[in-house]
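Me: I'm new to this one and would like to learn how to read it. Could you take me through some features, one at a time?

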Amino acid sequence: MPAPSFDQIRILLIQARNTAEMERQEQRCFADRTGLRTDQIARVNVAREPLRLQWIDEVDAVMIGGAGEYSAMDNPPWMPTLLEAIRVCLKKTVPTFGSCWGHQVIARALGGTVIHDQARAELGCGTVHLTRAGTADPLFSGFPSIFRANMGHHDRVVELPPGAVELARNEQPNQAFRVDDAPMYGTQFHSELDAESERERLIAYREYYREDLPGEDEFQQVLDDLAETTEVDHLLRDFLRVFVIEDGASVSDDGESDRHS
């Protein structure tokens with residue numbers, strides 16, 4: 001089967017949100033950054049509805065967003081199914097991308113280590129640089145060696161899953177990684193957020209960051225320093241181009257391209 005065009009792609013967006021406004025905002029952000037129509041994005045909020053593993057076979061790619069109210073180390077009733085879904089995506093080579101919390105959950109699902117590290121929380125716009133593996137990676141090879149990205153997290157991945165490769169870092173390791181040679185990526189920075197949407201997110205979750213930024217002047221400075229445009233703006237769309245359209249076009253009819261029918 002031929003690979004889909006951009007207007008035919010269907011993705012599954014996995015969310016974990018208790019705040020309806022931020023749930024909708026995240027959906028808009030993924031639509032904007034992928035360039036897909038909203039009807040091309042199936043959505044499941046695992047915090048209130050079951051994730052069904054068979055849905056993975058019905059889409060071309062899976063994306064996992066953030067989770068303002070949850071840690072990747074939490075164990076709510078829905079977590080085992082989410083972790084299993086990630087392992088199913090890897091087994092079936094379904095292109096999968098995790099942003100921030102999604103990045104951490106992918107690492108956990110596959111045997112990596114996530115910790116809570118409030119002392120090294122990253123809020124606002126930060127600088128990231130590619131590793132040697134990142135400069136050769138099919139998704140990141142077009143990036144400059146140093147780039148800016150918008151961030152907001154307390155937890156971080158300190159140990160990658162077995163076989164995964166670090167693609168980007170700063171003072172903290174594992175700002176981006178790829179799992180083996182599979183189409184499965186995670187970024188600690190928010191690949192779905194531009195400056196405006198990051199500003200909305202930080203304001204909405206102000207109380208979660210109160211200890212990090214107790215003063216309103218300090219908090220306002222973080223908001224003011226957010227980058228309007230960074231190299232990350234096109235990352236999610238590039239991910240779909242590289243691993244759904246271009247990879248899909250090179251797969252024979254008896255292979256994984258059946259997923260695109």
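Me: Let's start small: which residue in E9 does Leu130 stand opposite?

Reply: Keep in mind that this is a predicted model. In general, the strands of a sheet pair through backbone hydrogen bonds, either parallel or antiparallel. Here Leu130 stands opposite Ala168 in E9. The two strands involved, E6 and E9 (residues 165-169), run antiparallel and are joined by 2 bridges.

Me: And what stands opposite Ala168 in E10?

Reply: That would be Ala176. Strand E10 (residues 176-178) runs antiparallel to E9, with 3 bridges joining them. The pair makes a hairpin with 6 residues between the strands. Have a look at Asn174 in that turn: its phi is positive, about 60°.

Me: Back to E6, then. How many bridges does E6 share with E7?

Reply: There are 8 of them, and E6 (residues 122-130) pairs with E7 in the antiparallel sense. One spot to look for is Leu123, which sits opposite Gly152 in E7.

Me: How do I put these strands into one picture? In what order do they come in the sheet?

Reply: Read across the sheet and you get E2-E1-E3-E4-E11-E10-E9-E6-E7, which is 9 strands in an open sheet with mixed pairing. Strands E2 (41-45) and E7 (146-153) each have a single partner, so one side of each has no neighbour in the sheet. From one strand to the next, the twist averages 25°.

Me: Which strands does helix H2 lie across?

Reply: H2 (residues 79-91) lies across E1 (11-15), E3 (61-64), E4 (96-99) and E11 (184-187). Relative to E11, the helix runs at about 130°.

Me: Now for pockets. What is the volume of the second largest pocket?

Reply: It comes to about 150 Å³. To read a pocket, ask what lines it. Among the lining residues here are Gln25, Arg28, Asp32, Glu192 and Glu200. Helices H1 (20-34) and H5 (195-204) are the elements that give two or more residues to this lining, and H1 has the largest share, with 5 residues.

Me: How many of those lining residues are nonpolar, polar or charged?

Reply: The lining has 7 charged residues, 2 polar and 1 nonpolar.

Me: Last one, on the whole chain. How many helices and strands does the chain have?

Reply: The count is 7 helices and 11 strands. For overall dimensions, the C-alpha atoms fill a box of roughly 60 × 40 × 35 Å along the principal axes. You can also check the radius of gyration: a compact globule of 261 residues would have one near 18 Å, and the chain has 17 Å, so the two agree.

How values were computed
Residues numbered from 1 in each chain as written. Predicted model: local features only at pLDDT ≥ 70, side-chain atom pairs only at ≥ 80, totals over all residues. Heavy atoms only, no water. Pairing = 2+ DSSP bridges. Helix = DSSP H or I, 4+ residues; strand = E, 2+ residues; numbered from the N terminus. Axes fitted to C-alpha atoms, helices over the stretch in contact; angles between N-to-C directions. Contact = heavy atoms within 4.5 Å. 1 Å grid on protein atoms, 1.4 Å probe; cavity = no way out; pocket = protein on both sides within 12 Å on 5 of 7 lines; lining within 4 Å. Points joined across faces, edges and corners; volume = space filled by probe spheres on them. Nonpolar A, V, L, I, M, F, W, Y, C, P; charged D, E, K, R; others polar. Rg over C-alpha atoms; globule rule 2.2 N^0.38 Å.
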